[in-house]
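The following paragraphs lead the reader through one protein structure, element by element. The sequence and the model are shown first.

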Amino acid sequence: MAETHDVAVVGAGPAGLAAAVEAAEAGLGVALVDGAAQPGGQYWRHYDERHARPDDRAGHHGWPLFTGLRERLRAGRAAGRIRYLPGRQVYLVTRDETGAFTLRTTPSGTAETSGTSGASGASTPDTAGTVTARALILCTGGYDRQLPLPGWDLPGVMTAGGVQALLKGHRVLAGRRAVVAGTGPFLLPVATGLARAGASVEAVAEANGTLGWLRDPVGAASVPGKAVEAAQYAALMARHRIPYRTRTVVSRILGQDRVEAVQLTRVDRDGRPAGPVKEIAADLVALGWGFTPSLELALMLGADTRKDVDGSLVVAVDGFQRSSADGVYVAGEATGVGGAVLATQEGRLSALALARSLGRPVAPGLMGRLRGAIGRGRRFAAAMHRTYPVPGAWTEWLEERTLVCRCEEVSYGDLRRAHDDLGADDPRTLKMLARPGMGWCQGRVCGFATAGIAACLNRRGTTADDLRPLSTRSLAAPVPLGELAALDRSHDDQ
């Protein structure tokens, strides 16, 4: 009979690592499930640890925090308190009549056997396809938010996070002449990482101004270390002579078989063209408009959601990271995008709160300090999101032929016709009639944009109800049909 753990932690990024080691050290039996081959998540993504070099740490903020968590993970595994399952994605979570959770995971690949030296923590393969636990801590992170624009489907156009992942995880430079565009502080590490690796960064196009911080000085000052981090990036930008253009967007990407150039357009605070257009040669365009939280598992379990300051759909949690679903805690980007330090604090708090609910001794002062730090981190995140919003008029950049859903080749014109001719007034109906979000990615790339277009066509703002249908998926990850056929159907007739 399968072992039932006290808690299953999904995700081994900043929040998940912190939650797993904190829970184990509080005396709980932990299963840590992660889709990557080694811990760290997207933020601490790094080259295969068996072949690492000292310079692989370049550009990683908070690296000592990560290495400390990794050592605690190793200690927890050695002590038998943590069962670590890398290289597995959870595609389905169910709950039985006793309240226990069953997590069904994708079959293991090379990731689970790649760490036989113990560097990544995956010393032996674990072939079990299910994990059972009495409680869950979901630390599922997020992924790059994308907005469509003319030419964004050309080879050479990538998400900003994808460009950085190639650099950090594989030492691969995605292009030699780059333009980094979108909004938010994440554009800076991507640009400086490219420059450090030898690319010529022709411009960083920031859609917003930088004075928005002045509208919320309390929030901006809530995490003083962020100012130091910003100064470091400013120095790197100056050292590599990277032009930083505010109130500027990539309005069109040019090329035949791949990216050849971009058009940069000055815009007003709403994103409408308000100045000259400049063409710049490039073979790589890195686009980043913030991040979209991964909510598949939380929604699968019926957790309540809300719309966050940055326009994302996030899981609603209380002051101890508890969701509305009994026994389900959520930490990190799924509760609102706020960075690695905040995610780590939320992960720790969720584990301590769970341990306390199970009768384990927990220092109340520590939980109080964590709650205070999380409050400050959330205030800073809100100030950041208000400074770097998605421009309200971004849909005006689109043309009739601009693809919105690349999987199903659905254009902006297709969505307009579904609205105008067929009465598709909401994202769910648009999805049914025009098929955005019906392809391989199941709306992960086009969902936010489709919701925004639906709201714009109806002359209103986007709501949580618009975002939810395009964030809900029957299965949280692709899985072979044979795996589905093998599911236990013993309860089907009950």
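A suitable place to begin is Gly288, which touches Arg145, Gln146, Ala160, Ala181, Gly182, Thr183 and Leu187, leaving aside residues up to four places away in sequence. Gly288 belongs to strand 15, which comprises residues 284–288. One of these contacts, Gly182, stands 106 residues from Gly288 in sequence, yet the two C-alpha atoms are 4.8 Å apart in space. With a relative accessibility of 3%, Gly288 counts as buried, because the limit for that term is under 20% relative accessible area.

Before going further, the reader should know that this is a predicted model. The mean pLDDT of the protein is 91, and 93% of its residues reach 70 or more. Over residues 110–125, however, the pLDDT is below 50; in the model this stretch has 35 contacts beyond near neighbours in sequence.

The contact with Gly182 leads to strand 9, which covers residues 177–182. Strand 9 pairs with strand 10 in the parallel sense, over six bridges. Within this pairing, Val180 has Val204 of strand 10 as its bridge partner. Strand 9, helix 4 and strand 10 together form a β-α-β unit, and this unit is right-handed. Strand 10 itself is mostly covered, six of its seven residues being buried. Strand 10 also runs parallel to strand 11, to which three bridges join it. Here Ala205 is matched with Arg245, its bridge partner in strand 11.

The same region receives helix 6. What do the buried residues of helix 6 pack against? They pack against helix 4 (187–196), strand 10 (200–206) and strand 11 (244–246). Buried in helix 6 are Tyr233, Leu236 and Met237. Seen down the axis of the helix, the buried residues fall within an arc of 100°, so they line one face of helix 6. On the face turned away from this buried side are the exposed residues Ala227, Ala238 and Arg239. The length of helix 6 can also be checked: its 15 residues, 225–239, should span 21 Å at 1.5 Å a residue, and the end C-alpha atoms are 21 Å apart, which agrees. Just after helix 6, Arg241 adopts a positive phi of about 55°.

Helix 8, at residues 340–357, may be examined in a similar way. At 1.5 Å a residue, its 18 residues should span 26 Å, and the distance of 26 Å between its end C-alpha atoms agrees with this. Is helix 8 largely enclosed or largely open? Of its 18 residues, 14 are buried, so helix 8 is largely enclosed by the rest of the structure. After helix 8 comes Gly359, whose phi is positive, near 90°.

The account ends with a residue close to the start of the numbering. His5 lies in strand 1, which covers residues 4–10. Its relative accessible area is 2%, and His5 is therefore buried. Not counting residues up to four places away in sequence, His5 touches Gly29, Val30, Ala31, Arg83, Val131, Thr132, Ala133 and Arg134. His5 and Gly288 are thus two buried residues that lie in strands: strand 1 holds His5, and strand 15 holds Gly288.

Definitions and conventions:
Residues numbered from 1 in each chain as written. Predicted model: local features only at pLDDT ≥ 70, side-chain atom pairs only at ≥ 80, totals over all residues. Heavy atoms only, no water. pLDDT = per-residue confidence, 0-100. Contact = heavy atoms within 4.5 Å. Helix = DSSP H or I, 4+ residues; strand = E, 2+ residues; numbered from the N terminus. Expected span 1.5 Å × (residues − 1). Buried < 20%, exposed > 50% of the residue type's maximum accessible area, 1.4 Å probe, protein only. Arc of directions from axis to C-beta. Pairing = 2+ DSSP bridges. Right-handed = clockwise from strand over helix to strand, strands pointing away.
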